[in-house]
Every structure is written in C-alpha cells, then in structure tokens.
Amino acid sequence: MNTTLRSEGWVVQPSFVPHGPTAPVTLLIDEAGITQLAGDPNVAWQTPWSEMTNVQLIRFQRKAALFATISSVRYCWRNTSVKDFDALREIISAQGGRVIRRKRHFGVLATVAVVVTASFAGTISSYLNRGSSKASIIADTQAVNLTLKDLPSGSSIATSPLLSYIFGSSAISSPSTSTTQVSKTSAWYAIESKFQSCMGVSLERDRVFGLAGQMPKYQVTSKAYSSTSYGGLEVVSTTQYYDKTSMVKRDTKEMTSPKFGGCFVAANESILLSALLGSKITESAGTNWTPLTFVNGWARGGIKVISLPTISTKLTLVIAVVTSGHYEVTLGGLVTNWPSSQLFFANIVNTLLARASSTTSKAL
C-alpha cells in the first residue's frame, strides 16, 4: 500500500517559479515522488522520483534539510522540526537517496578558521595527530569536497580549468611545515601586501597570507567541474584538516572583518591574472557576499566581476570560505550569470558546510 507522508513547516530555496512562494511549504512524500504545496491558496508542484537526482536528507540536532536536483536546479528544503525525520528517512532511503545524521558533539567545539587556497608564505606550525588514523582523516577530509553529483545535470570534469591557477590540481597533500621567504620583487609579495593593505593588517599579524599564518595537517582538492548552466560555470573546492581547533580560533577576528570577503576575492583574482599574464597584478577589492546558511558553522565570501585574456565575456569570480570543527573549506567558482546563480552557490555552500560539520557525512 502506498502511504503518503504529510510533512509541514518547510522553507524552500529557490522558489519553484520566479518570485514564487518559499514558505510555509508542505511536502507530500510517497513512493511516487514529492508534491510541494505552497502559497495562498495552495499551489501544488508534483515531481516524480525519476526526475530527481542527488537526493540527500540531513538531520542536525534540531533541524532537518532535504536536497534534490530537479531540471538542473539544486533545491533545498529546510525545517526547524525533526519530528518527521524517521518517516522521511525510510522513504528517502527506499528511493536510493543519501541519509546523513549529524553526530552530536559534546563539550566545546571551536568552529572558526581561514582557508588560503594553493600554498602561501608565512611562519607555519604543525602538530602531531592524536587519536584518528591518517587514512581515516584523509578520507573524511576528501569526503567534504564537491563531487559531480552536487552540480546541475550535464556537468562534467573540466579539461583545462582556469581555477587550477588558484586551487592547483586535484590532489591529497600534507603541506610543508618549513618557512618560505618571499622576495619583495615577486608577484606573490605584491598580492599579499595588497591584501594586508586592504584589510588594514600588518604582515606580522596577518593570518591569511602573512607571518602569523599556519598550515593544515592535510589538504585535499577536488576535481574542477564545468557546466553550461548559468551561461557557463566552473567550480572547485579545497578542504583542509587542522589537528587542533585551537589552531583556527585565532583566525576568527581577521576573517570576521567586514572587509574580508572583498579583499580575499581580489587577492584570488590577482593570483589568477598574474598566472595567466605572467606579471604582477593587484586588483581593487571586490564585493562581500554572505551566503544564507542554516547549518552550524561559519561561512563568508566575496564576488568580483573579472576580465580574462582570450575570453570576450566578463565573468564573476566567486570565493567562499566555510569552516566547522577541524575543517576549513574554500569554494571557488567562475560564472557568466552571477545573479541567477547566487542561490546555486548558496546551496553548494550549505552542502559543504553540512559535510564539514558532520564527521559521518560522506560525499556521494
């Protein structure tokens, strides 16, 4: 017998139609698919399971989230109640979806840090890992990153990604703990100096590019992916594991500066352009972007419209930093149509944050 679960109190992003209702939403879920009821009077949108991909149900301590990709759009429903979670879990699991339970953490959990993609200069410290095996930590770190199934249908692995000039190639590494001296005539010195000037912080106190910085114990970079969605899209992520959460606490004050997002995206633009053009380039600050999140943790970002050689259309560079517990994740994107892709990037940020905040979460 086909039993329908009626679950109320949801909020959906993005809306199913332009400027359509997003709350309150009632979901009717059964073996056939999901029916969403929203608006006044209620309007029903019916979607069979066959038209949904990468379905994920996530439980937090007092919240639930449901993700699904429909017609190349990544939708997220969230609810402040978990009373229907067990019933939802059975249906989602039966349809081949991924169910994630966030493990409860006891005691104080510090959840702030900064991620610098690729390598950076500075005085660096590292600590011996205690408790978990190297293989287990690397596997968990790798599982946080983006996968092809997180992206619109039709996406693929990028063959010559531009973002590789910022993030490097897909790899697992244990960053060096040696001190690197940067020449004052180098492009890197110009970039870090511009960032410190933008932020109003000295070289000695800067924890992003400067001498107060520290390297993670392990770093894993995803493959870069591309899509024709939003006029053309490229995305990649890097996840870093720090042995102690105390190592990242001290970065909080610098990152929570209202200038951080714009300064950080400009620094990454300079890295990209310097690599492509072979000269020193320091760009003006971009625009701060704070993606809407509902997962415990920290997320900040920045956007900047950029012009690249050999590409006639201007692109928007998107950089977001996500941190939770031992993890620090940087998301990078290049997209033609930023306004229309903003909710897509926000949903990706929530996906990464959900994985980083759950030690049992694995990327599909």
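**Notebook: aromatic pairs and helix 1**

I began with Y230, which is buried at a relative accessible area of 19%, a value that falls just inside the class because buried means under 20%. I keep in mind that this is a predicted model.

I then looked up F344, which is likewise buried, with a relative accessible area of 4%. Counting the aromatic pairs by the ring rule, I have 15 in total. For one of them, F195 with F264, I noted an edge-to-face arrangement, with 6.5 Å centre to centre and 70° between the planes. F195 sits in helix 4 (residues 187–199) and F264 in helix 7 (residues 260–277), so that this pair links distant parts of the chain, 69 residues apart. Both F195 and F264 are buried.

I returned to Y230 and its partner F344, and entered their pair as tilted, the centres being 5.5 Å apart and the planes at 40°. Y230 belongs to the loop between strand 12 (225–227) and strand 13 (233–241), whereas F344 belongs to helix 8 (residues 338–356), and the pair therefore ties together parts that lie 114 residues apart in sequence.

Following the ring pairs further, I found F195 and F264 again in a cluster that also takes in W188, F209, F260 and W298.

I turned last to helix 1 (residues 85–94), where I listed F85, L88, I91 and I92 as buried. These residues are on the same side of helix 1, because they cover an arc of only 130° around the axis. On the face turned away from that buried side I noted the exposed residues E90 and A94. After helix 1 comes G96, for which I recorded a positive phi, near 85°.

Definitions and conventions:
Residues are numbered from 1 along each chain as its sequence is written. This is a predicted model: local features need pLDDT of at least 70, side-chain atom pairs count only at pLDDT 80 or more; totals for chains, interfaces and linings use all residues. Side-chain values use heavy atoms; hydrogens and water are left out. Rings of Phe, Tyr and Trp (its six-membered ring) pair if their centres lie within 6.5 Å; planes under 30 degrees apart count as stacked, over 60 as edge-to-face and the rest as tilted. Helices (H or I, at least four residues) and strands (E, at least two) are DSSP runs, numbered from the N terminus. Buried means under 20% relative accessible area, exposed over 50%, partly exposed in between (1.4 Å probe, protein chains only). The arc is that of the directions from the helix axis to the C-beta atoms.
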